[in-house]
Structure formats: structure tokens, C-alpha cells
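Open the model in your viewer and keep the selection tool at hand. The stops below follow one another, each with something to select.

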Amino acid sequence: MPEPAGPRYDGIRAPLRPSANASARPPPRRRPTRIASIRMGLIAGIGVLILLVVFIVQNASAVHITFFGAHASVSLAVALLVAAIAGALMMAAAGTARITQLRHTMRRTRRRASTGGQPHAPAGARHHRRHVQADHDDQAME
């Protein structure tokens, strides 16, 4: 059976190139479903847990730790894991603070854009402004 015509690279046909009217398009890529994403996350989590168990088994020797006057003798693996978790929590706190700050800035910008660049007024003041404008419109119509 003869092979299809067209340029070849290392025994594989070259990808389709769009013609002048863009009729030769590759098939659309399918996005993974939520279940597929969860499954991949669980598989990655199991891999990390296996590495964690190996780490703990290999670093089971006790070490003496002093922190702000407190003394303890704990497993090296436990000390390193506690330090890593504390660092991750500090990074999460910093990231959360930054995201909260950006959301606050976005809300303020949206609010100013919706009020025409005016600073945000309390609900009562907006209500009063609408009635004053409506009274002004009524007087103009008379």
C-alpha cells in the first residue's frame, strides 16, 4: 500500500498546513474534565506521599533543636517537615494578602467607573441624588 504524498520528517508525515482559505485545520484539542483533573491530582498526591514516607524513613535519627529557649529532641524528618509546612503557610498568607489587596483595588476601580469617576457615596446619598435629579427633570418638563 503506497504512503500518502507530502513532506515527511523522520518517518512521520508533516502536520497539516492551512491553505489560502484556512480549510486544513488540525482537530480541536479536548479539555480535560474535572474528574480527569482530580484523578491526576490524586495520582500526583500519592507520588508525593511515597516520597515523603521514604524521606521520613531515611531521616529517622534524632536531632537536638533549640528555638527561643525551648529545647527538644525530635526526628530530623519531623523537624524539616515542620519547617517546610511553616514556610508554606507563610507564603500562603502573603499570597492571600496580595490577592485580597488586588481584589479590593479592582472593586474600587469598578465602583469609580460605574459612578462616572465620582467617589463612592453611601446608599442614602445615591438615593437622594436620584430624587434631586428626578425633581430637576420634572421641573424642566413643565
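Start with Val54. This is a predicted model, and in it Val54 has a relative accessible area of 40%, so the residue counts as partly exposed. Buried would need under 20% and exposed over 50%, which means that 40% falls in between. Val54 belongs to helix H1, residues 34–58.

Now add Ile46 and Ile50 to the selection. Together with Val54 they make up a nonpolar patch on the surface. The accessible area of these three residues comes to about 270 Å² together.

Stay in helix H1 and select Val57, which lies in that helix too. Is Val57 buried or exposed? With a relative accessible area of 62%, Val57 is exposed. Next, pick the C-alpha atom of Val57 and the C-alpha atom of Ala77. The two atoms are separated by 8.2 Å, while the residues are 20 apart along the chain.

Zoom out for a moment and colour by secondary structure. The chain has 3 helices and 4 strands. Their order along the sequence is β-β-α-β-β-α-α. Switch to a surface view as well: of the 142 residues, 3% count as buried.

Select residues 62–67, which are strand S3. How many of the 6 residues of S3 are buried? The count is 0, and the strand is hardly covered.

Add residues 70–75, strand S4. S3 and S4 pair in the antiparallel sense, with 6 bridges between them. Two of the pairings can be picked out by hand. Select Ala62, and opposite it in S4 you find Ser75. Then select Ile65, whose bridge partner in S4 is Ala72.

Move to the turn of this hairpin, where 2 residues sit between the strands. One residue to select here is Phe68, found in the loop between S3 and S4. What is the phi of Phe68? Phe68 has a positive phi of about 50°, although it is not a glycine. Most residues other than glycine have a negative phi. Phe68 is also exposed, because its relative accessible area is 80% and the cut-off for exposed is over 50%.

For the last stop, go to helix H2, residues 76–114, and select Arg108, which has its place there. Arg108 is partly exposed, at 33% relative accessibility. Which residues gather with Arg108 in a patch of positive charge? Extend the selection to Arg103, Arg107, Arg110, Arg111 and Arg112: with Arg108, they form this patch on the surface.

To review the tour, show both surface patches at once: the nonpolar one of Ile46, Ile50 and Val54, and the positively charged one that includes Arg108. Then bring back the hairpin of S3 and S4, with Phe68 and its positive phi near 50°.

Note on methods. Residues are numbered from 1 along each chain as its sequence is written. This is a predicted model: local features need pLDDT of at least 70, side-chain atom pairs count only at pLDDT 80 or more; totals for chains, interfaces and linings use all residues. Side-chain values use heavy atoms; hydrogens and water are left out. Patches are made of residues with over 30% relative accessible area and no salt bridge: like charges are joined within 9 Å, nonpolar side chains (Val, Leu, Ile, Met, Phe, Trp, Tyr) within 5 Å. Accessible areas come from the Shrake-Rupley method with a 1.4 Å probe; for residues, only the protein chains shown count as cover. A salt bridge is a side-chain nitrogen of Lys or Arg within 4 Å of a carboxyl oxygen of Asp or Glu. Lys and Arg count as positive and Asp and Glu as negative; His and the chain ends are not counted. The place of a charge is taken as NZ of Lys, CZ of Arg, CG of Asp or CD of Glu. Buried means under 20% relative accessible area, exposed over 50%, partly exposed in between (1.4 Å probe, protein chains only). Two strands pair if DSSP finds at least two bridges between them.
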